[in-house]
Each structure stands twice: as C-alpha cells, then as structure tokens.
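The exercises below ask for a careful reading of one protein structure. Each begins with a task and continues with a solution that goes step by step.

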Amino acid sequence: MNSLLKFRRPLSSSLTSLSLQRLSTTLHYVFEEKKEGTSFIHPTAIVHPNALIGQGVSVGPLCTIGPSAKLGNGCQMHPSSHIFGNTELGSHCVLMTGAVVGDDLPGHTVIGCNNIIGHHAVVGIKCQDMKYELGDECFLDVGDNNEIREFTSIHRSSKSRDRTVIGDNNLIMGSCHIAHDCKIGNNNIFANTTLLAGHIIVEDSVHTGGATVVHQFCHIGSFSFIGGGSVVSQDVPKYMMVSGDRAELRGLNFEGLRRCGFQVTEIKSLRTAYRKIFMPSNTNSMGFDERLSEVEHNKDLGGVPAVCSMLQSIRDSFTENRRGICKFRQWSSS
C-alpha cells in the first residue's frame with residue numbers, strides 16, 4: 001500500500017502540471033484565433049452540428065451547445081458553461097464558468113448583445129410557478145449591456161401569453177433571483193440577494209440594497225431606492241425611498257435624483273409636493289385623495305413634469321388589481 005501511494009503522488013503531480021500546461025496552451029491559442037477573427041471550439045466541448053456559431057466565437061473546455069442555439073459574433077464561453085434549448089445570444093456575450101443559459105422547453109430565451117452571464121448563473125430555465133403546465137411555451141427576453149453576476153437565477157414566463165423581460169444596462173449582483181413574468185426596465189442596480197417574486201414590474205434607474213425581498217405583483221417606480229434587508233409588500237412610487245419589514249416610505253431618493261441629473265428646481269418641487277401629500281401640517285384637514293388633488297391643482301407644482309409623474313405613479317397604485325403603496329408615517333405639526 002505504501003509503495004502504491006509513493007507511485008501515485010508523482011503521477012498525480014505530473015498530470016496536474018500537464019493539464020495546466022494544456023489549458024495555458026489552449027487559452028493562448030484561443031486568443032490568437034480571436035485576433036484572426038475565426039472561431040475556436042475546444043476538443044472537449046460538445047457542440048451540436050445544427051447550432052449556429054458566429055465569427056470569432058470561443059468555446060472553452062467541457063462546454064455544451066444544443067441544436068437550436070444561436071451564438072452571435074465574438075461570444076465567449078468559459079469552461080463548463082452551457083447553452084440549451086431554443087436560445088439566441090447576441091454578439092459579444094460572455095458566459096463565465098458554470099453558467100447555464102436556456103432550457104429544453106417550448107418557447108425561447110433571447111439574450112441581446114454585450115451581456116455577461118456570471119459564474120454558475122442560471123438564466124432562462126423553467127419557472128417555479130405551480131400553475132405552469134409542462135409543454136406550454138415560455139419566454140425570456142434580455143436586452144443589451146447587462147451584467148448578471150454569479151449564482152443569479154432568472155426564469156422564463158409561466159404562460160405562453162406572457163414573458164419575462166429584462167431591459168438594457170442593468171447590474172444584477174450575485175445570488176439575485178428574478179422570477180417568472182417580471183418586467184425589468186433599464187439602468188437598474190440590484191444588490192446581492194435581491195429576490196423578486198413573480199409578475200413584478202421594476203421601471204428604470206431603481207436601486208435595491210442587499211437582501212431585498214419583493215412580493216409578487218408589486219410595482220417599483222423609476223428612480224426609487226429600497227434599503228437593504230427590506231421586505232416590500234406594496235408598490236413603491238416613483239422617486240421614493242423605502243425600507244423596513246414591511247417597507248415604509250422614508251422620503252424621496254434625493255441622492256439618486258441628483259446622480260441621475262435632476263435639476264435643483266425639480267427636486268425642490270418634488271420635496272414640496274411630497275410634504276403636502278405625506279407630511280401635512282394638519283392631518284385632520286383633508287384626506288389623502290384630497291391632498292393629491294390639491295397638489296395636482298397647485299399652480300406652482302401642477303405644471304412640473306416630475307411632480308405630475310410622481311402623482312400619476314401614486315394614483316396608478318390604487319387602481320384595480322394593484323396593491324396600493326407602501327405605508328407612510330403620519331406626521332404632525334409638532
């Protein structure tokens with residue numbers, strides 16, 4: 001037994017050295033091939049002959065590409081990344097090690113250009129909705145320039161008449177989850193372990209803190225901020241900041257508005273409108289709807305587009321099949 005161990009140690013070391021040498025040679029060869037504009041497929045990759053591969057594509061060791069896959073020019077598949085089902089990748093997408101895109105289901109997964117799918121992320125697979133019937137078409141559409149980090153999961157729609165949609169220029173950090181039928185806009189930042197249940201709408205330029213949880217069918221307005229660790233069970237109107245379990249309104253997202261280029265006069269108008277609606281000097285004078293109407297008809301505020309947009313966002317949250325807005329604290333003149 002000891003003699004066997006003595007024999008195996010140098011063999012294992014030499015094999016490891018040889019594997020690293022081969023990997024180094026392979027990566028160097030891929031780089032050289034990309035410079036020449038031709039594609040490279042590692043000998044250990046499994047690529048179906050019916051798959052459509054663009055120019056300058058690099059497919060690393062132990063990758064899998066299914067028969068209905070389409071890869072645009074310049075895509076990169078790092079070792080052990082996989083593409084299944086009717087899946088289309090736009091040009092210059094990158095799949096990091098362990099990433100899985102698509103599923104062998106009716107429907108499709110469409111990924112735009114310049115997207116990064118992080119290590120062991122799973123994008124475009126069957127949803128976790130118990131109402132989904134196996135065999136139904138389901139869809140995921142992703143735009144351009146998104147970074148989807150490690151261990152994130154994004155699911156297809158639960159019904160053929162709907163789809164999960166992600167726009168452009170979003171940063172979705174590690175271990176996030178975006179469930180079936182969500183609609184995500186542009187320029188959003190989801191911090192680690194942000195969890196979105198089904199049918200949620202997130203507009204544009206929204207920022208969530210880490211470990212945020214959002215209830216199904218909620219609507220998150222543009223330029224809003226959700227504090228870390230929050231549990232959001234109702235809508236977040238545009239421009240507002242919420243936090244807590246259950247999340248409550250904490251004021252306007254002033255820093256986010258400034259960073260997004262809002263003018264000082266716009267922010268001042270929004271602040272005045274917010275105070276009239278949520279922080280009245282006399283809480284017994286008017287009801288909530290009356291305060292909204294007062295701001296709408298105010299000659300200084302009613303004509304400001306940002307204020308009008310905020311008011312409409314609030315009113316929309318109280319229409320049929322919506323969940324209302326996050327609770328707000330009643331303030332007194334004292």
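**Exercise 1.** Decide from the relative accessible area of phenylalanine 278 whether this residue is buried or exposed, and place its ring among its aromatic partners.

Solution. At 1% relative accessibility, phenylalanine 278 counts as buried, because buried means under 20% relative accessible area, while exposed means over 50% and partly exposed lies in between, computed with a 1.4 Å probe on protein chains only. The model is a predicted one, in which local features need pLDDT of at least 70 and side-chain atom pairs count only at pLDDT 80 or more, whereas totals for chains, interfaces and linings use all residues. Residues are numbered from 1 along each chain as its sequence is written, and side-chain values use heavy atoms, with hydrogens and water left out.

The next step is the ring geometry. The structure holds eight aromatic pairs, a pair being two rings of Phe, Tyr or Trp (its six-membered ring) whose centres lie within 6.5 Å, with planes under 30 degrees apart counted as stacked, over 60 as edge-to-face and the rest as tilted. One of these pairs joins phenylalanine 278 to phenylalanine 328 in an edge-to-face arrangement, at 4.9 Å centre to centre and with 65° between the planes. This pair links distant parts of the chain, since phenylalanine 278 belongs to helix H3 (residues 264-278) and phenylalanine 328 to the segment after helix H5 (305-316), 50 residues apart; helices (H or I, at least four residues) and strands (E, at least two) are DSSP runs, numbered from the N terminus. Phenylalanine 328, with a relative accessible area of 21%, is partly exposed. Both rings belong to one aromatic cluster formed by Tyr274, Phe278, Phe288, Phe318 and Phe328.

Helix H3 also holds isoleucine 277, which is buried at a relative accessible area of 0%. Its C-alpha lies 8.9 Å from that of aspartate 289, a residue 12 positions away in sequence.

**Exercise 2.** Work out which strands stand at the edges of the open sheet of nine strands and why one side of each is left without a neighbour.

Solution. Begin with the order, which is E3-E6-E9-E12-E15-E18-E21-E24-E27 with parallel pairing, where two strands pair if DSSP finds at least two bridges between them. Strand E3 (52-53) and strand E27 (219-220) stand at the edges, and because each has a single partner strand, one side of each is left without a neighbour in the sheet. Within this sheet, strand E9 (residues 87-89) and strand E12 (residues 107-111) run parallel and are joined by three bridges, with glutamate 88 standing opposite valine 110 in E12.

The same reading can be applied to an open sheet of 10 strands, ordered E2-E5-E8-E11-E14-E17-E20-E23-E26-E29 with parallel pairing. Its edges are strand E2 (46-47) and strand E29 (231-232), each with a single partner strand. Inside it, strand E11 (residues 100-101) pairs with strand E14 (residues 122-125) in the parallel sense over two bridges, and E14 pairs with strand E17 (residues 153-155) in the parallel sense over three. Valine 122 therefore appears in two bridges, as the partner of valine 100 and as a residue whose partner in E17 is serine 153.

**Exercise 3.** Identify where the peptide bond from aspartate 245 to arginine 246 departs from trans, and find residues with a positive phi.Solution. Most residues other than glycine have a negative phi, and most peptide bonds are trans. The bond from aspartate 245 to arginine 246 is cis, with omega near -5°, and arginine 246 lies in the loop between strand E30 (240-243) and strand E31 (248-252). Asparagine 145 has a positive phi, near 60°; this residue is found in the loop between strand E15 (138-142) and strand E16 (147-148) and is partly exposed, with a relative accessible area of 38%. Threonine 193 likewise has a positive phi, near 55°, and lies in the loop between strand E22 (189-190) and strand E23 (195-196).

**Exercise 4.** Describe which residues line the largest pocket.

Solution. The largest pocket holds about 250 Å³ of space. Of the 13 residues that line this pocket, the closest to its centre are Ser205, His207, Asn253, Gly256 and Arg259. On a 1 Å grid over the protein atoms alone, a pocket is an open set of points where a 1.4 Å probe fits, with protein on both sides within 12 Å along at least five of seven lines, and lining residues have an atom within 4 Å of a point. Helix H2 (residues 254-259) gives the most to the lining, with three residues.

Technical notes:
Grid points are joined across faces, edges and corners, and a volume is the space filled by probe spheres set on the points.
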